[in-house]
Each structure stands twice: as C-alpha cells, then as structure tokens.
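Dear colleague,

I am handing over the structure below, and I would ask you to keep it open while you read the notes that follow.

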Amino acid sequence: MKERLEALRQEALEELKQVADPGVLNDLRIKYLGKKGALTEILRGMGSLSNEERPIIGQVGNEVRAAIEAVISEKQELFIRQETENRLRAETIDVTLPGTKTAAGAVHPLNKVVQEIEDIFIGMGYTVAEGPEVETDYYNFEALNLPKNHPARDMQDSFYITDEILMRTQTSPVQIRTMKAMNGKTPVKIICPGKVYRRDDDDATHSFQFNQIEGLVIDKNIRMSDLKGTLLQFVQQIFGEQTQIRLRPSFFPFTEPSAEVDVTCVQCGGHGCRMCKQSGWLEILGCGMVHPRVLEMGGYDPNEVSGFAFGMGVERIALLKYGIDDIRHFYTNDLRFLSQFARM
Amino acid sequence: MKVSYKWLKDYVDVSGFSAQELAEKLTRGGIEVDGVEARNQGVTGVVVGYVKSKEKHPDADKLNVCQVDVGTGEELQIVCGARNVDAGQHVPVATVGAKLPGGLAIKRAKLRGVESQGMICSAKELGINDKLLPKEQQDGILVLPQGLKLGTPIADVLGLDDEILDLDLTPNRSDALSMLGVAYEIAALTGGSVKLPEFQIPASSAKAEDHISVQISSPEQCSHYAARYIKGIKLAPSPQWMQNRLIAAGVRPISNIVDITNYVMLEYGQPLHAFDADKVAGGKIDVRLAREGETLETLDGQLRKLEPHMLVITDGTQPIALAGVMGGANSEVSEDTVNILLESAHFDGGTVRKTSRQFGLRSEASIRFEKEVDPAVVLKALERAASLIAEYADGHIAEGVVAAGSEAIKSVQISVSRERINRYLGTELSGLEIKTIFGRLNVEYEEPQPDSYVVRAPSRRGDITRDVDIIEEIARLYGYDNIPTTPIEGATTPGALTASQAIRRQIRNRLTDAGLHEVISYSFTSPERTSLFPAISGNAVPVRLSMPMSEDRSVLRTSILPNLLDIAAYNRNRKNENIAIFEAGSVFLTDEAELTRQPHERQKLAALLTGSRRHPQWNVKAEAVDFYDIKGVLEAVIELLGLSGKVNLQAAAPEQMHPGRTAAILLDTPRGSETIGYIGQLHPDTQRELDLADTYVFELNLEALYEAADSSIVYRALPRFPASTRDIAVVIDRKQETGSLKTAIVETAGELLESVEVFDIYTGERLGADKKSVALSLVYRHAERTLTDEEVTELHAKVVERLEQSFHAELRK
C-alpha cells in the first residue's frame, strides 16, 4: 500500500507539473484529492491493515495529500499572478493623452480687474456705489464745479442726448449722488466703478466706451497725506509691494490741490524701458482734495470736513497688468482672448 | 503752447538749467511738458550765400547753373532746380561737407555733366516746418532777407540753435499761454526773478483822439477797450529774428504789423488786432452785440451770419471784427494801409468761446480770451506793440490812448493760516517756509497775526480765488513728494458690497464655472438692432444720441441679446465655433420719443450657447447644444438664488425666436406671476441671416432676481426610513407638456411623494406619430416610519388613475 501511495504521489506531481490552465488544475485536484479521488480510493483499503501498519500508512497518506495540495496551491497562485499581470498589461493606457476637459469660463478681464480693485478697497473699509450711465448735465458737470461754457469742459468731449441729458463722461456723478444721499453724514468712504463714455476715435489706446473706478473719502480732518497713504497702499496691493508712487501737480475742476499719480513701471521696475519711455514711471490715476465747491454742492460744509477723491481707468490698469497691447480686444470679445483669463 | 528756450532768456535767468531740465522742473511743478524738440534737426555746414548769376543748364531745361558767393572769396558753381532761384538773392547754401536733417551729406557732384559744388536749400531741406511759410517759400528755395553777412551759419540766421518746450496746459493755467507767464512760473520754481520788456513810446504832436474814438455799448461782454492810432506805417516783412520766434512758437509770419501783434500776444498773452484806420468809418469804434441779420466777412474769406449773442467791433454802423475771434475783411491791413488803429481789449471769455465754437473758428486769440486774459496787461501790451510798430514799420504813434471801460482787476484777498495749510496737507511747514514760497510765487501778502496770512492773488493768476488754491500753490512749490504718507485717522468703517452687487458677482462666478465666458459689449448700437427683439426689450423707444459717431452706434441698447449675436457671429468668422457667453449689464428703456428725463436703466443678464456642448477632443464627440443646455444654465442661476420653486417656463413665441422652442420666464412674486425674460432658440430665419448655427439664448431682468433672491439655507433632516421607488411609463399626446404631468402627480400623491423625475422620453412609429411615452420615477417616503408595500401600491394606483383620467394616459407594460 505504501508503494501505491508513493506511485500516486509520483504520478500526480508529474501530471501537475504539466498543467497550464486553471480548469485542468481543478480537474486534477478532484481526480486526486476529491471525495472520490485516487487518494481516497487507496486509503479506503486501510481497514485491512494491521494496527501497527495503520498509523504508518496513515502518515504516508497525509504526506502525499500535503505534497499534492502544496503543488496545487502553488500553481493556483501562479495562475492568479499571471492573470493579474495579463490584465495590467492589457489595461495599460497612454497617460500623455489630454484629460477630459471640465467646463471653465472666464470673468471678463475688465471685471476681473474691477473685482480685484473693489476687494482691495473693501478691505480698507470702503463700500461700492453705483449710479446711472445716462446722467444729467447737472450731476455730470455742474455739481462737479464745471459750469456750462467752462473751458475745462473741453477736456472731455461728451455724447449728449438732449441739452440736459448725456452719457456720463466720468463716474464722478456717483460721488455727488452719494454725498446727497448721505445727507451731511460722515464718514463717506466709497468707490464707484462703472462704464463711462467719451467722444473719441477708437484706436489701440482709446475707446469711446471705457470703465472707470473712482474713490471718495469725506470726514473731519482728511489730509492730502492721507490720500498719498491710501494710494500707496492700493498700488502696492495691485502691482506688488515694491511699487512706489509719484505725484505731479495737475488740474481737475473738482479737486484742489489736484495731482496725477505715476507708479513705478510694472515692466522694468523703474529702471526705464520702452513701456515707460525710459522714465521708470507710468501714469495711472488722477486725484486730489475734494474742491470746497463740490463739498458744498454735495451738502457738506468745507469748513467742517475735507475729503479726497481719486479716479483711474480700468482698461489702463488691465493693459498694464496683463501686458495687453490693444484696448479694442476688451470689446471685440474674441474667445481666444477671453479664455486666457479663465484662471487665478 | 510752444516755448522757445532761447526766447525765454529775455525774461528770466535759466542759465543753470538745460531745456530738458527746465522741462522736468515745469512738469514736476504742474505744467506738463509734452516734449522738448531741437529746432536744428541736424543742419551743419549751411551758410548764407549770394547768388551772383544764374544761367540755364546747357542740357537740362529745369536746371539752372548759379555762381554763388559764400564769403570765402571763391565762387561756388551750384546747379539748382528750384524755379524761384534768381541772381541777387541771399540763400542758404549747403557747402561740400555739409549735413542736412536725415543725415544727408553734401558732396561734390556732376549734374547732367555740369559740376555742382553744393546745394541751395529749401526750408523743408533745412528741417523747418514750411507750412508756416508763404506759398512761394514752400515751393522752392528759401529766400533770405537782403543784407546778411555772407558765410554766416544758417542756424544763426534762422535761430535754429534753440529748443522748443511743448507745454500741455491744463485749462486753469491760461497764465502760461504767454512767454512772461511761463517766465513767472520758472522764476517761482527756480527762485529767480522776472525781467519785463523795456520799451518807450516816442513823443508826438498828433493826437489820437483827433482821429479815433471808442465806445463800449455792451460793457458786460467787454470791460475795457483801448486803442492807439499809428500813422504812416510801411507794410513789409518783419525782421528775421521776430519771424524765427514766431515760427518757433508755431505762428505763421505774415507782415510786420500782423507779426508784431502776434509777437506781443505771445509775449504778454494779450491778443491784439490792427485795423486799417482809413477803413474804419469816422475812426469810430463801437463794441456791441451783433444784431439779427447782420453778417461779416472774416479774414479767412468766409461770410458769417451773426447772432445776437455774438460780440462785434463796429464802426458805429457795420461790424468790422468778430471780437476776440477774428478780424473782418472790410478793415483788414493790406499793402495800401497807411494808418492803423491798434486794438487791445478785455473781452468776456464765455462770449468769445461760444462764438468761436459756433463757427468752428479757434484762433490763437480766441483760445486765450476764452480762458480769461490778465486784465492788467491790456495797456502794457498795447504800448509794447505800438513801440514795436514804430521801430519795425516806421509807424508814427499819435499821442494818447483812446479807451473805454477800465482795467477791471478783481483784487482777490484770501485768508489762510499756517494751521489750516498744515492740517489740509498733513505737513509741518514753518511760517518761514510758507513766506518763502509766497515770495517765490511773487504774491503780495500780509500777516495781521502771527501765522495768519491775507494773500492777494496776482491778476495774471485768475485761477486763484480760494484758500485751497493758495494751499495748492504752496503744496506744488514745496513739492508733492515732500508731503508725508499717512493712514486715515478716525473711526474704521466696515467695507462691503451691496446685496445686489454680491449677487451679481455670484451669478458671474456660477456661469463661468458652468463654462460660459463673460463678455462686455457696447451700450451704443444701431436702430435696427434695438428693434430685433421687441418682446424682450418691452417695445421700448430707443434713446438716440444727438450727435452719434456713426449710424451703427447711434442709439442706446434696449436689449443685450443683439450684441451677443454679433459677438457669436464675430467668433464664428474666426473659427471659434463652440460659443458659450453671457453679459450682465444695463439696457436703456424709455417710453418718451423726446427725452425729458433720464431713461430707465435696467440690469439684464443675457446668455448664448451655440456649437458643441463640450469641447470635442479624442474621447469627447461634438454634440450640438440644444434647448435643455440653455435651460440648464438658467436653472443653475435660479438654483443659486434659491428660487427653484418660484421660476417657471411657459411656451411663448416672441418675434425672431423659434415658435416651438421658446418660453417666457415667469417669476412668482408677491404681486403675482411676472414675466422676467425669455429663453429659447433663435428663429431659423434669424440664424440664417446672421450666419449662425442653432443658437440658444436667454435674457432676463436681473433686478427681479435681486429682489426675490433667497439666501437663507434651512437644514432638512436626513431621512431615517427607507423609500419605495416606483417607475412608471405612460403614453400620452405628444404635445402634452410633461410639466403638467408632474404637477398632477404631486397634487395626487401628496406629501408622501418625495420626488418625481422624468427619466426617459420615447417617440416612435409603434406609438403613433402624435404620441410619446414618458417614463417617470416616483419616490415615496414617510418621515416617521417605513411605508408598507400595500400603502405605496394604493397611493401609486391613485396616481396612475389620475394620469389616465386627466391626460388619457395609457400605461405602458
């Protein structure tokens, strides 16, 4: 009987060595180790053995079973490993193909700049005020110390609708409207973004429709040094901490003193380049202390309060910030242009 | 204002500063200098020569062979093609080795076989703006005055060794429209002093009042009119130095009389006018407003119809000049003029401005008058001009100035204290610093109490009227850069967007997240465009600009949609075919044909989709957008604003829209259901016209959404008991809207129905052409317990029954 068992082991191991298919492996497992398998068949004859022989043969039988099982499970693991490997090989993809695009639109670059400027001033305690784009002559000019026939009206060529109604040429009328609505209360701290319109032939740097942002602060003891401090803080936030400002005396009917403000050239950092015409400075905004006449017309006593105002062109800031070469891109809305702004 | 650096030296010491440095100083002080230009554009080796003889070129009709003396003792043979060259002329000669603007070097040459040792130059070849020269000087060579020393460098003769500062003046600084005004400014900036011109009027036995008289009938428009009578003038060209200065300033030399009036205007800022006194009837001057029906031929040959608001100079009967704007042809100084009446007057700026604007006539005189001239220089300028006429036109000045009115010098006294100045600027200026600046500004002041000043503004600075004007003068001379940088003191304020501004931003972000690009278009459009969608623009009358730049941009938009269509067409033409865009902005609505008040500005949101739903690529197929894509965009906005239950669509067919694929957008408000916009596909005809593929759009009223938006989020407990889902497919009439099916189901099932969704629509021949199958998924749930199968079945049966009754629905098995 021992010989038969050894022969079975021999035969089984020999046969298992040849197996290359999981189905065949299963068949062989049943053939040798199944309930009706060859091993069981042999061991069924144990009853006829002597008491001495029985444990010996039983041990041999167990060894044979263990040896066959070990080979089967080894084979099984091999098959699983092979299957996984095959699968991985089959599933290998080209990782350099582009990913499936998620939808991504862009806020218009002008509004992107407006939002950024709004947020800077909101952080400084300003609220955002808006007003009509079609204005009366009174709010657009007269209340801003620009009476009819004043030569300074030549500075802005306007689109009139009637003698008294026109497209606003600046967002300053919002300042007057806000002052009147405040009814003499202080402090006033607003910025006013919006579209404005001036008769101008469109070219790379001019557009008859453009956007402005103006700021107005009125309180007791507002000083010109506060204006400088505010503007410095603003330009450093929008153009970077190394940015400096330079004020040049200028004229606006609604401020006195008035100034034009230059900032360190965003391109060369002040060393001088083509963009700043070698000066190291770029003009970006106008400002000044609110003219007493304007305070009076807004319902404030210039002996009690003072204020400052500033204004800038959004297009100009956007052109500088993004290095755009033609203002008309903002209004032709070519998707190849707009989609460049779909990011932080 | 163009300022000659050399000429300036007559009035103020600028020796410490180059023209460039002076420009920088002026700019930093508040008068912007646009540029500094050298008058000499690169001329060397050009000298004065004398044409001794001229002969025809033997082989060329149009060329002359000239023998020219340039003072070297040796005659030069020069071939010259100019028609106006002639023997006896003094001319600019570019000798061999000379250089001309643009780098042209003069060499010995042979022209058609004849040797030429140089070139006789035109003004243009010398880099001079020849538009300011007489026609004959433009066409040919520049003919110089007689008597010049031969061999003198031409740069000296023409004053080319000079630089011009081009001032870009703000309207308040009309004082700098004169050389003296600029000199005062430079003196203030550099700490120098101003030297006034010196001159004298020779004594005369003739009396002006015997020849002329002056009367002002409109004193409001003319506060002062002074005149001189000058006899026996000889009209001739003005001296070369004066012509050089006029050309440097951009003024055309004409004759000695006209040039002198212009020269003195440039010097003092006071415009002057010379009349031929013999053409002024009776020598009488009456300044008055024009009368209805009067006309005047001005010096430019135009016959002007005068209006009663215009100020004219008359000889007592007829107008002879348009005051402050332009002289009349009937009293013009000409070759035959012997006696002149020289005018210096102070006219009202607004009156001059109105007249000059109306005629489109902006002269050097009107530009100065409309910005107000210093009333104190009327007489000084008159005397200066008279003395120059005596000197350079052999005039004999009759004794006395004949005048009416007077120097109406407003003596403005302004009180300002050191404390006020420092508090306004944030500075700590000492009394000494402030008084030093007053001195530099050349203003008179008193100090009644320590650190309190009463300042008298100089008459040439009409812009200084209040304490802040004085403070500005102090600030700019102290230097804006020296003012400190401080934070605002006082209470802090909370900054914020208003509710509607915040909503607008959120909508913008939601739409860009959904893949739409924001656009900004023009508010001006064409009348045709505004009438494109009458329903969407509410049949508004478009507001028309009074003077549009073009018909395409002549009215204000009443809807944003037409602009989006244009943007879509623009992009399609550039092969950007998958377009998803939106704009939030104002439209302008009125019901008035003639505006008497501002139009209503309404904030609108418009969106447009066309082309492929998603950007096609290797794993994504191009799929054309449809109505449900644009509806999804709309729903995203509605959901964002918490208005899901309050907005409904109702099929509609406004003009230019596809009648089967368009709906009105209805919003439930406390006032009832309101139409706030439209959504749908463009009409195929409109698409064809604009060359667009299938295009889906919506436009709606943003203000209605701002008002209704609900930002409150109230948490709902998550379900604790299981739901039962029942799917159902019913065949109904194809025209039947699924919306009403859902409404009926909700009504019937009551609160145990958690949701109902359409998950499939099927049409096919098997159903019949007028039928469709709608598959719905219904979810039933009780909040407090598990529903039994029987309960759900019973409820669901009621729903089915309701569908069968109300919609003749057949249950599909």
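**Hairpins in chain B**

In chain B, strands E4(B) and E5(B) form a hairpin with 5 residues between them, and in that turn B:Gly71 has a positive phi of about 80°. Please bear in mind throughout that this is a predicted model. Strand E5 of chain B takes in residues 75-80, and its pairing with E4(B) is antiparallel, with 6 bridges between the two. Within this pairing, B:Val65 has B:Val79 of E5(B) standing opposite to it.

On its other pairing, E4(B), which covers residues 60-69, runs antiparallel to strand E3 of chain B, residues 44-57, and 7 bridges join the two. These two strands also form a hairpin, in this case with 2 residues between them. Here B:His57 has B:Ala60 in E4(B) as its bridge partner.

For the wider setting, an unreviewed UniProt entry places the feature "domain: TRNA-binding" at residues 40-155 of chain B. This span is 6% helix and 45% strand, and the C-alpha atoms at its two ends lie 7 Å apart.

**A sheet further along chain B**

In which order do the 7 strands of the open sheet in chain B come? The order is E27-E30-E31-E35-E34-E33-E32, and the pairing is mixed. At the edges are strand E27 (517-518) and strand E32 (647-651) of chain B, each of which pairs on one side only.

Inside this order, strand E34 (residues 672-682) and strand E35 (residues 695-701) of chain B are paired in the antiparallel sense, over 5 bridges. If you would like a place to look, B:Tyr678 stands opposite B:Glu699 in E35(B). Helix H16 of chain B, made of residues 561-573, lies across strands E30 (579-589), E31 (600-610), E34 and E35 of that chain, and runs at about 35° to E31(B).

**Another annotated span, and chain A**

A second UniProt annotation, "domain: FDX-ACB", again from an unreviewed entry, covers residues 719-812 of chain B. Residues 719-812 are 33% helix and 34% strand, and the end C-alpha atoms of this span lie 31 Å apart.

For chain A, the domain assignment gives domain 1 at residues 2-90 and domain 2 at residues 109-343. Taken over C-alpha atoms, the centres of these two domains of chain A are separated by 91 Å.

With best wishes

Key
Residues numbered from 1 in each chain as written. Chains lettered and ligands numbered in written order. Predicted model: local features only at pLDDT ≥ 70, side-chain atom pairs only at ≥ 80, totals over all residues. Heavy atoms only, no water. Pairing = 2+ DSSP bridges. Helix = DSSP H or I, 4+ residues; strand = E, 2+ residues; numbered from the N terminus. Contact = heavy atoms within 4.5 Å. Axes fitted to C-alpha atoms, helices over the stretch in contact; angles between N-to-C directions. Domains from an automatic or database assignment. UniProt positions renumbered as here; feature names shortened; annotations may be inferred.
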